[in-house]
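Biologist: I would like a close look at a single part of this model, with the cut-offs stated.

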Amino acid sequence: MRARRMIANDVDLVEELVTQQLSGKTAIVTGAASGIGRATAALFAARGAVVLAVDRDEHGLAGLRTEARAAGAEVRTLAVDLTAEGAAEQVFEHCAADVGTPDVLANIAGKAGDAPAGETSDADFEFFLKTNLGTAFALSRRAVHAFGDRGGAIVNTSSTFALTGVAGSAPYSAAKGAVTSLTRQMAADYGRRGIRVNAVAPGLIETPATREKIAAGVFDDLVTRARPLPRVGRPIDIAHVFAFLASDDAAFITGVTIPVCGGWSTTHFRD
């Protein structure tokens with residue numbers, strides 16, 4: 001009986017520590033109105049962080065605020081188009097004024113797309129670079145100034161498409177590959193200041209942007225039957241890894257990109 005009580009107490013302690021994993025931290029989360037960004041902002045808040053959720057979708061941000069409040073957490077929001085000139089400066093100025101100096105930046109905003117290089121225009125290429133790489137670069141540059149010598153954590157969003165060749169995704173994969181390189185370079189540049197820079201590379205995740213194609217079986221042959229874990233990923237699967245990398249639990253991890261894809265990018269599997 002005593003052993004059971006001790007085990008129960010240990011479990012309670014672990015749950016409490018996990019719940020408070022981000023306590024005392026202030027985090028900026030982009031792309032927070034839906035999908036992975038929304039799940040990450042909500043999880044950060046649930047684990048004790050003060051969160052500024054950023055997205056251009058004001059309606060989606062309002063829904064996030066309502067859901068967070070119903071769960072007993074608080075999320076502050078800022079509606080802004082991150083591709084607009086001066087957007088990064090606006091985000092960090094608003095954060096400092098509204099929630100305080102940030103400790104964490106989660107770069108999640110981005111846009112996927114399917115096209116081989118020969119079927120794209122200069123405008124297509126520039127769009128994916130600006131949306132997926134340019135916004136992360138500008139925000140990360142501001143983050144290292146905001147962190148100062150206190151240290152901090154930047155967590156970027158790469159993609160499994162950046163880790164392995166996939167037909168028909170040239171501009172998107174190129175941009176996400178650059179995010180992976182940026183992650184390594186900034187980890188090298190700022191580690192001596194206590195700033196950790198890592199990335200998450202999601203596989204196929206069910207979000208508003210992918211739900212219809214998943215239901216239609218578009219990804220069945222390319223992804224679902226080609227990975228050992230057969231289910232479709234959920235936004236919370238990615239959010240958990242963001243929370244880990246943003247927390248002090250990952251204090252000795254920097255410069256890495258973690259694939260979260262059910263084994264699709266790291267195995268050769270045939271159903």
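Biologist: Is the crossing of α4 and α5 left-handed or right-handed? Please go on to strand β1 afterwards.

Modeller: This is a predicted model, in which local features need pLDDT of at least 70 and side-chain atom pairs count only at pLDDT 80 or more, while totals for chains, interfaces and linings use all residues. Residues are numbered from 1 along each chain as its sequence is written, and side-chain values use heavy atoms, without hydrogens and water.

The crossing of α4 and α5 is right-handed (the near helix is turned clockwise from the far one by less than a right angle). The two helices, α4 at residues 87-98 and α5 at residues 122-147, have axes that come within 9 Å and cross at roughly 40° (lines fitted to C-alpha atoms over the stretch in contact, angles from 0 to 180 degrees between N-to-C directions; helices are DSSP runs of H or I, at least four residues, and strands runs of E, at least two, numbered from the N terminus). On the α4 side, Ala88, Glu89, Val91 and Phe92 make the contact (heavy atoms within 4.5 Å). They meet Ala138, Leu139, Arg142, Ala143 and Ala146 of α5. Seven of the contact residues are nonpolar, none polar and two charged (charged being Asp, Glu, Lys and Arg; nonpolar Ala, Val, Leu, Ile, Met, Phe, Trp, Tyr, Cys and Pro; polar the others, Gly among them).

Strand β1 (residues 26-30) is largely enclosed by the rest of the structure, because five of its five residues are buried (under 20% relative accessible area, 1.4 Å probe, protein chains only). Thr26, Ile28 and Thr30 point one way from β1, and Ala27 and Val29 the other way. β1 runs parallel to β2 (residues 50-55), joined by five bridges (strands pair at two bridges or more in DSSP), with isoleucine 28 partnered by leucine 52. Three bridges join β1 to β4 (residues 104-106), also parallel, and there alanine 27 has valine 104 as its bridge partner.

How values were computed:
Buried < 20%, exposed > 50% of the residue type's maximum accessible area, 1.4 Å probe, protein only.
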